[in-house]
Amino acid sequence: MNTLLTEEQRDALQELMNISMGQAANALARLIAAKITLSIPKISDVTPQQFMSMLTDDSVWYTRQSFLGTIKGEVVAVLSKEGSDAIACLMDYDLPLNQDSRDELLLELANILAGACLTGFAEQLSLKAKLSMPTMYTPTMQHIEQYRWASTLMMEVKFNVEASHFDSKIVICLEESSVQTLLITLQQLLE
Amino acid sequence: MPIPVTIADDSLLSRKVVRRALPVDWDVEITEACNGKEALAAVNSGKAEVLFLDLTMPELDGFGVLKYLHEHHAKTVVIVISADIQPEAKRLVDSLGAFRFLQKPLQPEQLKQALVELGLI
């Protein structure tokens, strides 16, 4: 499952993700005044095929944004259709949502969660990563050619707003060339 | 006599970060715990006059530890060090009698300040 990392490195990455998702959840919790349940971050190796095959669920929406800097990669936010109206309501959107306001809501949510996750993560390692604006994303297998990596590190965190039955998942994929940068920085932290 | 101190966190990195943040001249004997059950075992064997406690842990989480200590009127000074920094988590921790709530990533100065305020150093 995980050949890129030693156990100690995996533990460290998981903890760094845990801290950044705590910051992301806090940002959202304050915005919607609701408690958010966090789960333990998942760290794994994936190929583009495995990555794409995760993105086939039609009970969710996807957004996508890339990041550039000392580490590069891609962030996909997975947002459940269920409960999104309740979240919209908490964020002062008028219901029912039309296509434009729905997209606006999803992109706003993706940006808050992905932004806080990635920023928190990069800051703890003193790495730079600048996130582009998210766009709505409909994954198809044809997109595979866009991925310039053979196998890479994927970090996955889940947020659950229990009161609204809303789920969200932030998936951060690093480009292959960034994995080495990450591991060197991680090693300095562990020494 | 060194003060018995326990650091409870499932992450090796986090335990290391707490260890490094402790004032060098503070005379302590450190025990490490990887989950809530181990933390309680440390408390019950007198190894935790001060307990640095993470909230999200397997077996028994930090809330479970706090609840147990609260119900058993334990004299342990608990300093929570948490990645979950939502107002709700802090409120719950306060109501369960923790002495301090520190946010991760842990700032050594904040830890030191808490120890000073609590009269531990």
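**Notebook: one residue, two helix pairs**

I opened with Ala116(A), which is buried, its relative accessible area being 18%. The cut-off for buried is under 20%, so I was happy to write this alanine down as buried. A reminder to myself that I am working on a predicted model.

Next I looked up where Ala116(A) sits, and found it in helix H4 of chain A, residues 99-124. What does Ala116(A) touch, leaving aside residues up to four places away in sequence? My list reads Ser20(A), Gln23(A), Ala24(A) and Asn111(A). I also checked Ala116(A) against Thr3(A): the two are 113 residues apart along the chain, and 28 Å separates their C-alpha atoms.

**Between the chains**

I then turned to helix H1 of chain A (residues 7-32) and helix H1 of chain B (residues 12-21). Their axes lie 7 Å apart, and the packing angle is about 75 degrees. Angles of 65 to 115 degrees count as roughly perpendicular, so H1(A) is roughly perpendicular to H1(B). Which residues make this contact? From H1(A) I noted Glu8(A), Asp11(A), Ala12(A), Glu15(A) and Leu16(A); from H1(B), Leu12(B), Leu13(B), Ser14(B) and Lys16(B). Sorted by class, this contact of H1(A) with H1(B) has four nonpolar, four charged and one polar residue.

**Helix H3 of chain B**

My last stop was H3(B), which covers residues 62-71. I started at the N-terminal end, where Asp61(B) acts as the cap: one of its side-chain oxygens is 3.2 Å from the backbone nitrogen of Phe63(B). After the helix comes His73(B), with a positive phi near 50 degrees.

Which residues of H3(B) are buried? I wrote down Gly62(B), Gly64(B), Val65(B), Leu66(B) and Leu69(B). Their cover includes helices H2 (36-44) and H4 (87-95) as well as strands E3 (50-53) and E4 (77-82), again of chain B.

I followed up on H4(B). The axes of H3(B) and H4(B) are 9 Å apart and meet at an angle of about 20 degrees. Angles under 35 degrees count as roughly parallel, so that is how H3(B) runs relative to H4(B). The crossing of H3(B) past H4(B) is left-handed. On the H3(B) side, Phe63(B), Leu66(B) and His70(B) make the contact, and on the H4(B) side Ala89(B), Leu92(B), Val93(B) and Ser95(B) do. I counted by class here too: five nonpolar and two polar residues, with no charged ones, in the contact of H3(B) with H4(B).

Note on methods
Residues are numbered from 1 along each chain as its sequence is written. Chains are lettered from A and ligands numbered from 1 in the order in which they are written. This is a predicted model: local features need pLDDT of at least 70, side-chain atom pairs count only at pLDDT 80 or more; totals for chains, interfaces and linings use all residues. Side-chain values use heavy atoms; hydrogens and water are left out. Buried means under 20% relative accessible area, exposed over 50%, partly exposed in between (1.4 Å probe, protein chains only). Helices (H or I, at least four residues) and strands (E, at least two) are DSSP runs, numbered from the N terminus. Contact means heavy atoms within 4.5 Å. A polar contact is a pair of N or O atoms within 3.5 Å; within protein, one must be able to donate a hydrogen and the other to accept it, and residues adjacent in sequence count only if both atoms are side-chain atoms. Axes are lines fitted to C-alpha atoms, for helices over the stretch in contact, and angles run from 0 to 180 degrees between N-to-C directions. Angles under 35 degrees count as roughly parallel, over 145 as roughly antiparallel, 65 to 115 as roughly perpendicular and the rest as oblique. A crossing is left-handed if the near helix is turned anticlockwise from the far one by less than a right angle, and right-handed if clockwise. Ala, Val, Leu, Ile, Met, Phe, Trp, Tyr, Cys and Pro count as nonpolar, Asp, Glu, Lys and Arg as charged, and the others, Gly among them, as polar.
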